[in-house]
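This report describes helix packing, aromatic pairs and selected residue positions. The sequence and the coordinates are shown first.

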Amino acid sequence: MPLSIPFFVWLFCIILPFGMLKDFDQLNNEVQGIMKGYMVWLVVPFSTLISWIYTSLEQVGESTENPFEGSANDVPISQMSRSIEIELREFLGEKDLPIELRAQNNIVM
C-alpha cells in the first residue's frame with residue numbers, strides 16, 4: 001500500500017464496492033435481456049473507476065498542497081519577487097540592477 005495515499009481514502013476505496021452491491025442488485029429486477037441477473041458484476045468496474053478518481057484527486061491535492069516549495073508546478077515566487085525588485089530599483093533610479101530570472105528547461109523557479 002503506497003504511503004502517499006491517506007488511510008481514509010484507502011478505506012473508502014475498499015468499502016465502496018460493498019456499499020454499491022444493494023443498488024446494483026436492485027437493477028436486476030429492472031433490466032431485461034442478457035444482463036438480467038448479472039448487474040451485480042457491474043460493481044467491479046464502477047467501484048474501480050470511482051476509486052481511481054478519488055485516489056487521483058488525493059494525489060493532485062497533495063502535490064498542490066504547498067505552492068511555494070519550488071518544484072516545477074509551483075508558483076514562480078522567486079521570479080516574481082526578482083521582477084518586483086528590478087522594477088522598484090528602476091523606479092528609484094538605480095543603475096546596477098540584478099539580472100532577471102529566466103526559465104531553465106521551460107521551468108521558472
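## Aromatic pairs and helix packing

Three aromatic pairs are found when the whole structure, a predicted model, is searched. One of them joins Phe 7 and Phe 8 in an edge-to-face arrangement, with 5.4 Å from centre to centre and 70° between the planes. Phe 7 and Phe 8 are both exposed.

Another aromatic pair consists of Phe 12 and Tyr 54 and is tilted, the centres lying 4.7 Å from each other and the planes meeting at 55°. Because Phe 12 belongs to helix α1 (residues 7-30) and Tyr 54 to helix α2, this pair ties together parts that are 42 residues apart in sequence. Phe 12 has a relative accessibility of 32% and therefore counts as partly exposed. Tyr 54 is likewise partly exposed, its relative accessible area being 43%.

The pair of Phe 12 and Tyr 54 leads on to the contact of the two helices. Two packed helices are described by the angle between their axes and the distance between the axes. For α1 and α2 the angle is about 150°, and the axes are 9 Å apart. Angles over 145 degrees count as roughly antiparallel, so α1 and α2 are roughly antiparallel to each other. Their crossing is right-handed.

Which residues meet where α1 and α2 are in contact? From α1 come Val 9, Phe 12, Cys 13, Leu 16, Pro 17, Met 20, Leu 21 and Phe 24. On the side of α2 they meet Val 43, Phe 46, Ser 47, Ile 50, Ser 51, Tyr 54, Thr 55 and Glu 58. By residue class, the contact of α1 with α2 comprises twelve nonpolar residues, three polar and one charged.

## Selected positions

Leu 21, one of the α1 residues in that contact, is partly exposed, with a relative accessibility of 35%. When residues up to four places away in sequence are not counted, Leu 21 touches Val 40 and Val 43. Val 43 is also among the α2 residues listed for the contact with α1.

Two further positions belong to α2. Gln 59 lies in this helix and is partly exposed, with a relative accessible area of 42%. Ser 63 is also in helix α2, which covers residues 43-63. For Ser 63 the relative accessible area is 48%, so the residue is partly exposed.

Helix α3 (residues 77-91) contains Met 80. The relative accessible area of Met 80 is 41%, so this residue too is partly exposed.

The table gives C-alpha separations for these positions.

| Residue | Partner | Separation along the chain | C-alpha distance |
|---|---|---|---|
| Ser 63 | Asn 73 | ten residues | 8.5 Å |
| Gln 59 | Pro 6 | 53 residues | 9.6 Å |
| Leu 21 | Val 44 | 23 residues | 9.6 Å |
| Met 80 | Glu 100 | 20 residues | 9.7 Å |

In the row for Leu 21, the residue itself is found in helix α1, and its partner Val 44 falls within the residue range 43-63 of helix α2.

Note on methods: Residues numbered from 1 in each chain as written. Predicted model: local features only at pLDDT ≥ 70, side-chain atom pairs only at ≥ 80, totals over all residues. Heavy atoms only, no water. Helix = DSSP H or I, 4+ residues; strand = E, 2+ residues; numbered from the N terminus. Buried < 20%, exposed > 50% of the residue type's maximum accessible area, 1.4 Å probe, protein only. Phe/Tyr/Trp six-rings, centres within 6.5 Å; stacked < 30°, edge-to-face > 60°. Axes fitted to C-alpha atoms, helices over the stretch in contact; angles between N-to-C directions. Parallel < 35°, antiparallel > 145°, perpendicular 65-115°, else oblique. Left-handed = near helix turned anticlockwise from the far one by under 90°. Contact = heavy atoms within 4.5 Å. Nonpolar A, V, L, I, M, F, W, Y, C, P; charged D, E, K, R; others polar.
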